[in-house]
Structures are given as structure tokens and as C-alpha cells.
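Student: I should like to go through this model by question and answer. Please begin with whatever vocabulary is needed.

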Amino acid sequence: MSGEFAGPAMKRLLLGMICALALAGCSKEEPASPQPAAKPVAERAPGDAKAGQKFADTECKSCHGEDGGSVAPGIPHLAGQRENYLLSALKAYKEGKRAHAALKVIAEHMSEADVRNVSAYYASLPAVGLGASRDAAHTSPYERGKARSTTCSSCHGEDGNSGTPGIPSLAGQQAKYLIIALQEYVRGDRKVSPTHAVMRALSPLEMEAVALYFASQTPGERPVPATGDASAGAQLSGVCSGCHGAHGVAADSSIPNLAGQDFNYLVASIKAYRTTRKREKMRLYITGLGDADIRNIAAFYTVQKSRPAEKAQTMVRDLTEKCDRCHGVGVEVPGMPVPKLHGQDRDYLMMAIRAYRDDRRESTTMHKMSLPYGDSIIEGLANYYASQPAN
Ligand code: HEC
Ligand code: HEC
Ligand code: HEC
Ligand code: HEC
């Protein structure tokens, strides 16, 4: 279904969004209790930090810094990282389970003893994470979306509740659907209106953030419209409810909520599927409907009560609480080398989480954890951890 307008990047974003939504629903679930690693990762012989320093000074310093601090965005800090994690990371590079151009040759040529020594060395250094509040303002995609939404509010209402006939409410709308709609306008798949030039100014991250912001607003209730017969509409809405929900609140985040939507907009958008809007599925369901039927159905959905589709206000915070069950300060998971994230380089964190999500980095644990997130949520998570004091 998404194939008709989704490129690979968009598909990933959408996948991220789907699951971000699923995630809100799963938030009460306990994460699978951490499974001990199949094999002990490290040989038990202790590393020699002094020998490790010598090695690091010649082989690693140019990127990981004199003090174990990254010399450039995208390179991780190693100082104060857990020894068992450093061991397992280097082993992963050596064995080709984790690949990166910068480390391929170096890791292949390191002996087991080099790996132990250099791990002991970096683990012994005091953590260097700046813990500065750089980008902390972007910790929340919700706040970012709110800031960007000001260009929309003159028409769609401050909180996305439109009071202008013909202009749709965005409040409480499904986040994934909002992104699809924005993409359709930008690509010209819907009738383009000059007023929507503002959408082109949104980066993909901002689009996601704006969608999350509006999806999290509480939709208002609407009075009975002057025309249309809601109870006749209720009869006709049976065929719609399989996708749009019995009362116009969809279970699938790519399908728009219709409940509480502006009456004129509903009428116009249903009719648009006869002409300018391109969804074959929708076209199929509305072909048999006359104008009076359409007004009745619109009246029915307009007076239904909707609810916010998202809770983006606390999404990043709620997630970090889950992450901290393994990554929290002072938390040790027996048998599992878990890296410290607090104070880590922001760009590196972002790349790492995306790598798990996109299957470019292997980890059964992290794969499960990071698959769900859209890019703006990943950015929020990275900003949060990067801005925390290193421990
Ligand atoms: C040319 C730059 C460069 C050099 C030299 C280099 N690294 Fe790295 N290192 C990186 C980059 C970039 C990454 C992130 C790679 C990735 O995304 O997998 C990294 C990642 C790592 C990681 C994984 C950290 C984590 O948090 O998962 C370890 C451990 C590491 N390097 C150790 C070393 C050691 C030890 C040396 C010297 C023997 C070394 N590196 C030399 C650039 C370098
Ligand atoms: C000048 C007024 C105006 C501004 C500013 C505006 N919109 Fe709209 N928007 C409209 C109108 C009118 C429609 C309905 C157009 C149609 O029928 O295709 C619409 C439709 C939409 C839709 C489709 C809703 C649906 O249910 O399918 C989305 C999503 C949307 N706008 C998002 C935005 C965002 C995000 C911004 C700010 C970046 C914005 N709009 C700015 C007037 C505006
Ligand atoms: C097979 C699933 C399906 C059925 C059945 C269905 N729809 Fe839809 N509907 C969709 C999808 C998917 C979209 C979004 C399409 C798009 O992006 O343009 C949509 C969009 C809409 C929109 C546009 C909403 C907006 O905010 O712009 C309206 C209005 C609508 N449907 C009304 C109906 C009505 C009325 C019926 C029953 C007569 C119906 N739909 C039956 C899947 C369905
Ligand atoms: C069940 C325990 C667990 C939970 C919960 C968990 N992680 Fe992890 N995480 C791990 C393990 C184990 C690794 C090391 C995997 C590897 O070697 O690639 C890891 C690695 C990472 C890395 C790579 C760090 C580096 O230095 O390369 C990042 C980033 C990360 N996790 C972020 C998160 C975020 C964000 C969350 C919450 C959304 C989270 N993790 C939840 C266990 C967990």
C-alpha cells in the first residue's frame, strides 16, 4: 500500500512512525528480561592499562583523543566506558560482526592481548563526556514540532483545532497519516494550494515533529452541522468503519481519524477522491455515494468524539526510562556488556541507534529496542543522552 508513494527513506520513516505508535501502546509491557550473553565475551586475563596506553597512543589517539575523548562528531568517546563493553565491541569489529572503515584494518591486526590492554586503558580513564546542554533544546520532538507549528496555526488553529469551515483540524490526527498527507502535498499528489508552500520548508525531521505535535493535541468536539443527517450517515458509515473505526477513530495510524473533523472539509475531501485525490481504495468506497449521502456521512463523523492519537509530550522521557533499565547510571546487567551512553557523542549516538534500526548493526537486544523509532525520536534520545553528565 505504501509502495505507491514511499521511497526507501520514507518507508523507513513510516516504519519508524508505525512502531512509535505501537510503542505508546506497549509502554506498559516489561521489556524482555535481559538474556545473558551466550558466551563470556572476554577472556578473563586482566588487561594491562599501561601497555594499552602505549598502543592507543600510536593507533587510536588520532580519532579517540589523548584523553579518550572523541576528536570529531560521529566518533565515540571511549574514556570511562565499561571494560566489558569495550572488549565486546573490539571483538565484534575483529570478527566482522560490526563493520566500520575506520576500524577494519586496525581491529583485524590487534592481538587478543592488545584488545584486553587497550580496553583496560580506556576504561581506566576518567569519563570526558562534555555533558553540555548542546542541543538539549531538541530533546523533545514535541517541543520542536510545537515551535514549527506556528506557521500552520493561522489556518489550522493554534492547537490544530480549526475553527474555519473547509480547513481541516489536525489536532489528534494520526501522526503517520499527517506525514503521508504532507508528503502528498509536497509531491503534488494532492491538489496543490499556494498556501501550502510552508510545507516545503519543513525538513523530514521537522515534518515528523510537527506531525507528532498535532497528533498529541486534544481534538475539540463539534456542534451538529446545519445540513446532513447524522443518523442516516451512521447507517452508511458501516463500510467505512473497517478502516476508519466504528466512530471515526482509526486503529491504523496511516488511516485518518474522521471523528470531530470539520464538516465542510469532510464533504470536500470525500468528493476529492472522485477527482484529485489518488487513493484507489477510497475511490472504490465512495463511488456509490450521492451528494446527500456524503453530507450525511460527514455529519455523522463531525459529531463523533475523537482523542489524541499520540502522547509525544513525554515520549522521549518515557523511552529513556526504558533504556535506563539497562543503560542507567550504576545499572549492571549480569552477563551483558552494556555501554554507557551518558555524555556520549551526540552524532555517534544517533548513528548507532539508526544502525540498529536499519539492520546495519547486529544486536538482538538493541534491535528490539530501537526498531520502533522515527528519526525525530532518535534525535531526541541522542540529544538527551549526549547532554547528560558522563558517569
Ligand atoms: C580513523 C579514526 C579512528 C581510529 C584511528 C580508531 N577509531 Fe575507534 N572508532 C572510530 C569511529 C568512527 C567509530 C564508530 C564506528 C561505528 O559506528 O561502528 C569508532 C568506534 C570504536 C569503538 C566502539 C565504541 C562504542 O561505543 O561502541 C571502539 C571500542 C573503538 N573505536 C576503539 C578503537 C581503538 C582501540 C582504536 C585504536 C586501536 C581505534 N578505535 C582507532 C574511529 C577511529
Ligand atoms: C493559509 C492556510 C493554511 C496554512 C498556513 C496551512 N494550511 Fe494546511 N491546509 C489548509 C487547507 C485549506 C487545507 C485543505 C486543503 C485540501 O482540501 O487539500 C489544508 C490541509 C492540510 C492537511 C491535510 C489534512 C488532512 O486531513 O488530510 C495537512 C496535514 C496540513 N494542511 C498541514 C499543514 C501544516 C503542517 C501546516 C504548517 C506547516 C499547514 N498545513 C499550513 C490551509 C492551510
Ligand atoms: C480500505 C480502507 C478504507 C475504507 C473502507 C474507507 N477508507 Fe477512507 N481512507 C482510507 C485511507 C487509507 C485514507 C487516506 C488516503 C489518502 O492518503 O488520501 C482515507 C481517507 C479518507 C478521507 C480523507 C480524510 C482527510 O483527513 O483528508 C475521508 C473523508 C474518508 N477517507 C472517508 C471515508 C468514508 C466516508 C468511507 C466509507 C464510505 C471510507 N473512507 C472508507 C481508507 C479507507
Ligand atoms: C535490555 C537491555 C537494553 C535496553 C533496555 C536498551 N539497551 Fe541499548 N544496548 C544494550 C546492549 C547490550 C548494547 C550493546 C550492543 C552491541 O554490542 O552492539 C546496547 C547498545 C546501545 C547503543 C550503542 C552504544 C555504543 O557505544 O555503541 C546505543 C546508542 C543504545 N544502546 C541506546 C539505547 C536506547 C536509546 C535505548 C532505549 C530506547 C536502549 N539502548 C535500551 C542493551 C539495552
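Tutor: Helices (H or I, at least four residues) and strands (E, at least two) are DSSP runs numbered from the N terminus. The model is predicted, so local features need pLDDT of at least 70 and side-chain atom pairs count only at pLDDT 80 or more, while totals for chains, interfaces and linings use all residues. Residues are numbered from 1 along each chain, chains are lettered from A and ligands numbered from 1 as written, and side-chain values use heavy atoms without hydrogens and water.

Student: Which residues come nearest to ligand 4?

Tutor: A residue counts as near if one of its heavy atoms lies within 4 Å of the molecule. Ligand 4 has 24 residues around it. Those that come nearest are Cys 323, Cys 326, His 327, Tyr 348 and Met 366.

Student: What distance separates an oxygen atom of ligand 4 from an N or O atom in the side chain of Arg 361?

Tutor: The relevant category is the polar contact, a pair of N or O atoms within 3.5 Å. Tyr 348 brings a polar side-chain atom to 2.5 Å from a ligand 4 oxygen, and Tyr 356 brings one to 2.7 Å. For the side chain of Arg 361, the distance is 2.9 Å.

Student: Which element gives the largest share of the shell around ligand 4?

Tutor: After those polar contacts with Arg 361 at 2.9 Å, one may turn to the elements giving two or more residues to this shell: α17 (315-327), α18 (346-357) and α19 (364-370). The largest share is five residues, and it comes from α18.

Student: How many charged residues does the shell around ligand 4 have?

Tutor: Ala, Val, Leu, Ile, Met, Phe, Trp, Tyr, Cys and Pro count as nonpolar, Asp, Glu, Lys and Arg as charged, and the others, Gly among them, as polar. On this basis the shell around ligand 4 holds 17 nonpolar and three polar residues. Its charged residues number four.

Student: Which elements give two or more residues to the shell around ligand 3?

Tutor: Ligand 3 is surrounded by 21 residues, with Cys 240, Cys 243, His 244, Tyr 265 and Met 282 the closest. Its oxygen atoms find side-chain N or O atoms of Tyr 265 at 2.6 Å, of Tyr 273 at 2.7 Å and of Arg 277 at 2.7 Å. The elements that supply two or more residues are α9 (175-187), α13 (238-244), α14 (263-272) and α15 (280-286).

Student: How many nonpolar residues are in the shell around ligand 3?

Tutor: The division by class gives two polar and four charged residues in this shell. The nonpolar residues number 15.

Student: What is the distance from a polar side-chain atom of Tyr 265 to an oxygen atom of ligand 2?

Tutor: Among the 19 residues that surround ligand 2, the closest are Cys 152, Cys 155, His 156, Tyr 177 and His 196. Oxygen atoms of ligand 2 lie 2.6 Å from a side-chain N or O atom of Tyr 177 and 3.0 Å from one of Arg 190. Tyr 265, one of the closest residues to ligand 3, also places a polar side-chain atom by an oxygen of ligand 2, at 3.0 Å.

Student: Which element gives the most to the shell around ligand 2?

Tutor: Beside the contact of Tyr 265 at 3.0 Å, the elements with two or more residues in this shell are α8 (150-156), α9 and α10 (197-200). By class, the shell has 14 nonpolar, four polar and one charged residue. The element that gives the most, with five residues, is α9.

Key
Polar contact = N/O pair within 3.5 Å; in protein donor to acceptor, adjacent residues only side chain to side chain.
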